[in-house]
2 protein chains.
Amino acid sequence: MPIKADLDAIDWKILRELQRDGRMTNVELSRRVGISAPPCLRRVKRLEETGIIRGYRALLNAPALGMDVVAFCLIGLHHQADAELKAFAERTRSWPIVRDAWMVSGESDFLLHCVTSDLATFQSFVIEELTSTPNVDTVRTALTIRQVKDAGLVEINALNQTQ
Amino acid sequence: MPIKADLDAIDWKILRELQRDGRMTNVELSRRVGISAPPCLRRVKRLEETGIIRGYRALLNAPALGMDVVAFCLIGLHHQADAELKAFAERTRSWPIVRDAWMVSGESDFLLHCVTSDLATFQSFVIEELTSTPNVDTVRTALTIRQVKDAGLVEINALNQTQ
DNA sequence: CCCGCTGCGCAAGAATCTTTCGCAAACACG
DNA sequence: CGTGTTTGCGAAAGATTCTTGCGCAGCGGG
């Protein structure tokens, strides 16, 4: 699945710009990376088709939309057989409060990124949903105070552009 | 800062669509939300200007770009005075490995989302950077096995559209 | 030396963006 | 009720951008 595509300096620049502003016009993008619009569009399309660009997403302001509580939950299961891991993973997808989730190794088995409107909703989710889910052993929660950094998913610096 | 803007059903539809595909053309967006293009564009612009839409971002495929290691670090500090919290927050911004970071309350003080090319790089980051940073008390790490859910930041369901 | 491959950029038509303007519905107020 | 104000939709048109087709240059391999 990971194709490890060989990208040149221009491709890296495109990725950096689109990670910074995914709605930039192709004309502006082509100007920034130093080629004309048609080849630039072809490169973007190729990056999308090969899956290197998985998609585009608007970043929403959660508090302004009434979602004031962001929290992380570390979940430990009793049994970690493959079927049980898959079952819990599937369950996270059915909880709207859980925005993204990771299977992890270490002291816990899952890490959930949760967003809710208020603390009461979050607490009832933890108590009535999480801890009452079969096979769930431990639930440790960390309420967020504020986000202190929000870069894109992948670091793209000048070094990538010299390949 | 959180404006708690009053949004109607069409605004919520716009947010839902753009969170799903941030590069959709305005014509396509207007068709999906049921109004013509000009008022649709005005609404999007207003959502951007009021900060409800914070920006747009391309979602990159980290493994395909050679970033095979995703991990989370829970950091506990010795002292949690305001100046020290700010100092550590500032430091997270200088580490390229840290892609986003949260100040949290609970057993730890910070949660770091880290992405690196390989395990050795991550380990040397933890040992040589994190644990040797002044005021850092505890560092707990959770290596991710795989992401099991990746929805947008905010849940937008049909209920929002009946306001 | 020639051939095939790759990728750039020009040019033109299609689609989209963006502004302007008229209009209708909702509302406040006398 | 009637009137003025506000708000937001949608048609129209020009500007911009997207998208495709095509010619050309650079680069290896036979």
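## Surface near DNA strand C

Six nonpolar, three polar and four charged residues make up the surface near DNA strand C. This is a predicted model. In total, 13 residues surround DNA strand C, and those that come nearest are A:Ser36, A:Arg42, A:Arg43, B:Asn26 and B:Val27. Of the atoms of DNA strand C that come within 4 Å of the protein, 56% are in sugar and phosphate. Three helices each supply at least two residues of this surface: α3 (37-49) of chain A, and α2 (26-33) and α3 (37-49) of chain B.

Three residues of chain A can be described by individual atom pairs. A:Ser36 uses its backbone, with a polar atom 2.8 Å from a phosphate oxygen of DNA strand C. A:Arg43 uses its side chain, where a polar atom lies 2.3 Å from a phosphate oxygen of the strand. The side chain of A:Arg42 is directed to a base instead: one of its N or O atoms is 3.4 Å from a base oxygen of DNA strand C.

## Surface near DNA strand D

Both chains contribute to the surroundings of DNA strand D. From chain A come A:Thr25, A:Asn26, A:Val27, A:Pro38, A:Leu41 and A:Lys45, and from chain B come B:Ile35, B:Ser36, B:Pro38, B:Pro39, B:Arg42 and B:Arg43. By class, these are six nonpolar, three polar and three charged residues. In chain A, α2 (26-33) and α3 each supply at least two residues of this surface, as does α3 of chain B. The largest share, four residues, belongs to α3(B).

Sugar or phosphate holds 58% of the atoms of DNA strand D that are within 4 Å of the protein, and bases hold the rest. Phosphate oxygens of DNA strand D are approached by backbone N or O atoms of two residues: A:Val27 at 3.0 Å and B:Ser36 at 2.8 Å. The side chain of B:Arg43 also takes part, with an N or O atom 2.4 Å from a phosphate oxygen of this strand.

## Interface of chains A and B

Contact between the two protein chains involves 74 residues of chain A and 74 residues of chain B. About 7300 Å² is buried between them, and carbon and sulfur atoms give 57% of that area. On the chain A side, the residues that lose the most area to chain B are A:Arg23, A:Arg57 and A:Lys149, which together account for 12% of what that side buries.

There are six salt bridges between chain A and chain B. One of the listed pairs is B:Arg54 with A:Asp150, whose side chains meet at 2.7 Å, N to O. Polar contacts across the interface join 53 residue pairs, counting those with both residues at pLDDT 80 or more. On the side of chain A that touches chain B, at least two residues each come from α1 (9-20), β1 (53-60), β2 (69-77), α4 (82-94), β3 (98-105), β4 (110-116) and β5 (136-150). Of these, β5(A) gives the largest share, eleven residues. By class, this side has 42 nonpolar, 15 polar and 17 charged residues.

## Strand pairing between the chains

A strand of each chain pairs across the interface. β3(A) and β5 (residues 136-150) of chain B run antiparallel and are joined by six bridges. Within this pairing, A:Val104 is opposite B:Thr144 of β5(B).

Terms used. Residues are numbered from 1 along each chain as its sequence is written. Chains are lettered from A and ligands numbered from 1 in the order in which they are written. This is a predicted model: local features need pLDDT of at least 70, side-chain atom pairs count only at pLDDT 80 or more; totals for chains, interfaces and linings use all residues. Side-chain values use heavy atoms; hydrogens and water are left out. A residue is near a molecule or strand if one of its heavy atoms lies within 4 Å of it. A polar contact is a pair of N or O atoms within 3.5 Å; within protein, one must be able to donate a hydrogen and the other to accept it, and residues adjacent in sequence count only if both atoms are side-chain atoms. Ala, Val, Leu, Ile, Met, Phe, Trp, Tyr, Cys and Pro count as nonpolar, Asp, Glu, Lys and Arg as charged, and the others, Gly among them, as polar. Contact means heavy atoms within 4.5 Å. Buried area is the accessible area (1.4 Å probe) that two parts lose on being put together, summed over both. A salt bridge is a side-chain nitrogen of Lys or Arg within 4 Å of a carboxyl oxygen of Asp or Glu. Two strands pair if DSSP finds at least two bridges between them.
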